[in-house]
Amino acid sequence: MNGQAMDLDGWSGMPKEHLGVIQSPSMVWNGAPGVVGSPVVNKVARIDVPIDKYPNYNFVGRLLGPRGNSLKRVEATTQCRVYIRGRGSVKDSVKEDKLRDKPGYEHLNDPLHVLVEAEFPADIVDARLNQAVAILEDLLKPVDESMDYYKKQQLRELAILNGTLREESPSSHLSPSVSPFNSTGMKRAKTGR
């Protein structure tokens, strides 16, 4: 890090096979090599989506966010994998019906749920999994649209991605009823009338 050569002899970064079981090198939260001998554990938590209580609420959209970025952010923050599964997890309901009984899509027979998978050394796996579950449970609490700051942030992010973001007008001295077309800088397009 400080210009000197790093000693990487004891750590290759690649999974190692030990007694017939493939183990990833243990990593602590910052990505540095962890304590040797700390076994890597894979744990999965299931969170049921309250679609029966709130049938008109867009839980999948809230979890995914614009272009899947919100879910990617949760995964990057917690370093856990998140899967949306069950009825309603496929955007196209006709496609979902066709896939329902095919191998690998058995989850489509279950109610909508989220699976969180954590693969870490045994001493930190529970903390990471609990962190991800807490974030996702918070996102699965329906919020009135007028009070939903998270959704407003998602819509702002989508507008930025689409290039359609309109910042607040710098001339805040104008009342909301005054049209920006009445100012000397902007004119209405001619419509032929």
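Two residues are in contact when heavy atoms of theirs lie within 4.5 Å. By that criterion, in this predicted model, residues 24 or more positions apart account for 63% of the contacts in the chain that have a separation of 6 or more.

## Overall architecture and confidence

The chain contains five helices and five strands, and along the sequence these elements follow the pattern β-β-β-α-α-β-α-β-α-α. Buried residues make up 26% of the 193 residues, and the chain exposes about 14,300 Å², of which carbon and sulfur atoms supply 55%.

Confidence deserves attention before any detail is read from the coordinates. The mean pLDDT of the chain is 74, and 67% of the residues reach 70 or more. Over residues 1-29 the pLDDT is below 50, although this stretch still has 35 contacts in the model beyond near neighbours in sequence. Residues 171-188 likewise stay under 50 in pLDDT, and for them the model has five contacts beyond four places in sequence.

## The sheet and the helices that lie across it

Three strands form an open sheet in the order S3-S5-S4, with antiparallel pairing. S3 and S4 are the edge strands, each of them pairing on one side only, and neighbouring strands of the sheet are turned by 20° against each other on average, when direction is ignored. In general, the strands of a sheet pair through backbone hydrogen bonds, in either a parallel or an antiparallel sense.

The antiparallel pairing of S4 with S5 extends over five bridges. Within this pairing, Ile84 has Val114 of S5 as its bridge partner, while Val82 has Val116 of S5 as its partner. Val82 and Ile84 also make up the covered face of S4, whereas Arg81, Tyr83 and Arg85 make up the uncovered one.

Two helices can be described relative to these strands. H2 lies across S4 and S5 and runs at about 145° to S4, and H4 lies across S3, S4 and S5 and runs at about 155° to S5.

## The nonpolar core

The largest nonpolar core holds 23 residues, and those touching the most other members are Ile47, Leu63, Val114, Val116, Leu136 and Leu140. At least two residues of this core come from each of strand S3 (40-48), helix H1 (59-64), helix H2 (69-78), strand S4 (81-85), strand S5 (113-121) and helix H4 (122-139). H4 supplies the largest share, six residues.

Leu136 shows how these contributions meet: leaving out residues up to four places away in sequence, Leu136 touches Ile47, Leu63, Leu71, Val74, Val82, Val114 and Val116.

## Contacts that bring distant segments together

Asn69, which belongs to helix H2, is 89 residues from Leu158 in sequence, yet the two are 9.6 Å apart in space, C-alpha to C-alpha. Not counting residues up to four places away in sequence, Asn69 touches Leu64, Glu157 and Leu161.

Gln154 is part of helix H5 (residues 149-162). Is this glutamine buried or exposed? Gln154 counts as buried because its relative accessible area is 8%, which is under the 20% limit for that class. Apart from neighbours within four places in sequence, Gln154 is in contact with Gly61, Arg62, Gly65, Pro66 and Ser70.

## Two loop residues with positive phi

Arg67 and Gln79 each merit a look at the backbone. Arg67 has a positive phi of about 55° although this residue is not a glycine, and Gln79, also a residue other than glycine, has a positive phi near 55°. Their settings are listed below.

| Residue | Loop | Phi | Relative accessible area |
|---|---|---|---|
| Arg67 | between H1 and H2 | about 55° | 51%, exposed |
| Gln79 | between H2 and S4 | near 55° | 45%, partly exposed |

The class assigned to Arg67 follows from its relative accessible area of 51%, because exposed means over 50%. Gln79, at 45% relative accessibility, counts as partly exposed, because that class lies between 20% and 50%.

Technical notes: Residues are numbered from 1 along each chain as its sequence is written. This is a predicted model: local features need pLDDT of at least 70, side-chain atom pairs count only at pLDDT 80 or more; totals for chains, interfaces and linings use all residues. Side-chain values use heavy atoms; hydrogens and water are left out. A nonpolar core is a set of buried Ala, Val, Leu, Ile, Met, Phe, Trp, Tyr and Cys residues joined through side-chain atoms within 4.5 Å. Buried means under 20% relative accessible area, exposed over 50%, partly exposed in between (1.4 Å probe, protein chains only). Helices (H or I, at least four residues) and strands (E, at least two) are DSSP runs, numbered from the N terminus. Accessible areas come from the Shrake-Rupley method with a 1.4 Å probe; for residues, only the protein chains shown count as cover. pLDDT is the predictor's confidence in each residue, from 0 to 100. Two strands pair if DSSP finds at least two bridges between them. Axes are lines fitted to C-alpha atoms, for helices over the stretch in contact, and angles run from 0 to 180 degrees between N-to-C directions.
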